[in-house]
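Visitor: I should like to learn how features of a structural model are read. May we proceed one feature at a time?

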Amino acid sequence: MVQAKHAEDTKAVLTAELVQEVFNRKNTGMRIYKSDMRLKEFKKEMNLLYDSLECIKVNPDSKIAQRKLKALLRRESKFAAFKRDYIRENQDRFPQLLLYIE
């Protein structure tokens, strides 16, 4: 069972429900297809984050990389709770990005 870390965070709760639905409710052909599509989209978003983090690691002063990361970490972006949580869990590696998620 997937649950949000903070029950008062509605976006985290919705994201947890989405993940629960993606991984645990595969009972029709269309649902399986949509689950696969969501998983692919999640992987795509996380890979964009990882690539952007690598760019900022190589060139910390890059304004383009900073803007891209800021956009990826916005609350309105896809799978924002996962991306923001990744930054929080790795704050020792990316302390400058905590400003984008506070």
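Visitor: Is Phe42 buried, exposed or partly exposed, and why?

Guide: The model is a predicted one. Exposure is judged from relative accessible area, where under 20% is buried and over 50% is exposed. Phe42 has a value of 23%, so the residue is partly exposed.

Visitor: In which aromatic pair does Phe42 take part, and what is its geometry?

Guide: Ring pairs are classed by the angle between their planes, and over 60 degrees counts as edge-to-face. A search of the whole structure gives 4 aromatic pairs. In one of them, Phe42 and Phe82 meet edge-to-face, with 4.9 Å from centre to centre and 70° between the planes. This pair joins distant parts of the chain: Phe42 belongs to helix α2 (residues 29-58) and Phe82 to helix α4 (residues 80-89), 40 residues apart.

Visitor: What is the exposure of Phe82?

Guide: Phe82 is partly exposed, because its relative accessibility is 28%. Phe82 also pairs with Phe79 in a tilted arrangement, at 6.5 Å centre to centre and 55° between the planes. Phe79, at 14%, is buried. Together, Phe42, Phe79 and Phe82 make one aromatic cluster.

Visitor: Which residues of α4 are buried, and where do they lie around the helix axis?

Guide: One looks down the axis and asks how wide an arc the buried residues span. In α4 the buried residues are Ala80, Lys83, Arg84 and Ile87. They fall within an arc of 95°, so they line one face of the helix.

Visitor: Which residues make up the largest nonpolar core?

Guide: A nonpolar core is traced through side-chain contacts among buried residues. The largest one here has 12 residues: Met46, Leu49, Leu53, Ile56, Ala65, Leu69, Leu73, Ile87, Phe94, Leu97, Leu98 and Ile101. Two or more residues are given by each of α2, α3 (63-72) and α5 (98-101), and α2 supplies the largest share, 4 residues. Ile87 thus appears both in this core and among the buried residues of α4.

Visitor: Which residues does Ala65 touch, leaving aside those up to four places away in sequence?

Guide: With those neighbours set aside, Ala65 touches Cys55 and Ile56. Ala65 and Ile56 are both members of the core.

Visitor: Where is Glu76 found, and is it buried or exposed?

Guide: Glu76 sits in the loop between α3 and α4. Its relative accessibility is 55%, so Glu76 counts as exposed. Sequence separation and spatial distance may then be read side by side: Glu76 and Ser62 are 14 residues apart in sequence and 23 Å apart in space, C-alpha to C-alpha.

Terms used: Residues numbered from 1 in each chain as written. Predicted model: local features only at pLDDT ≥ 70, side-chain atom pairs only at ≥ 80, totals over all residues. Heavy atoms only, no water. Phe/Tyr/Trp six-rings, centres within 6.5 Å; stacked < 30°, edge-to-face > 60°. Buried < 20%, exposed > 50% of the residue type's maximum accessible area, 1.4 Å probe, protein only. Core = buried A, V, L, I, M, F, W, Y, C linked by side-chain atoms within 4.5 Å. Contact = heavy atoms within 4.5 Å. Arc of directions from axis to C-beta.
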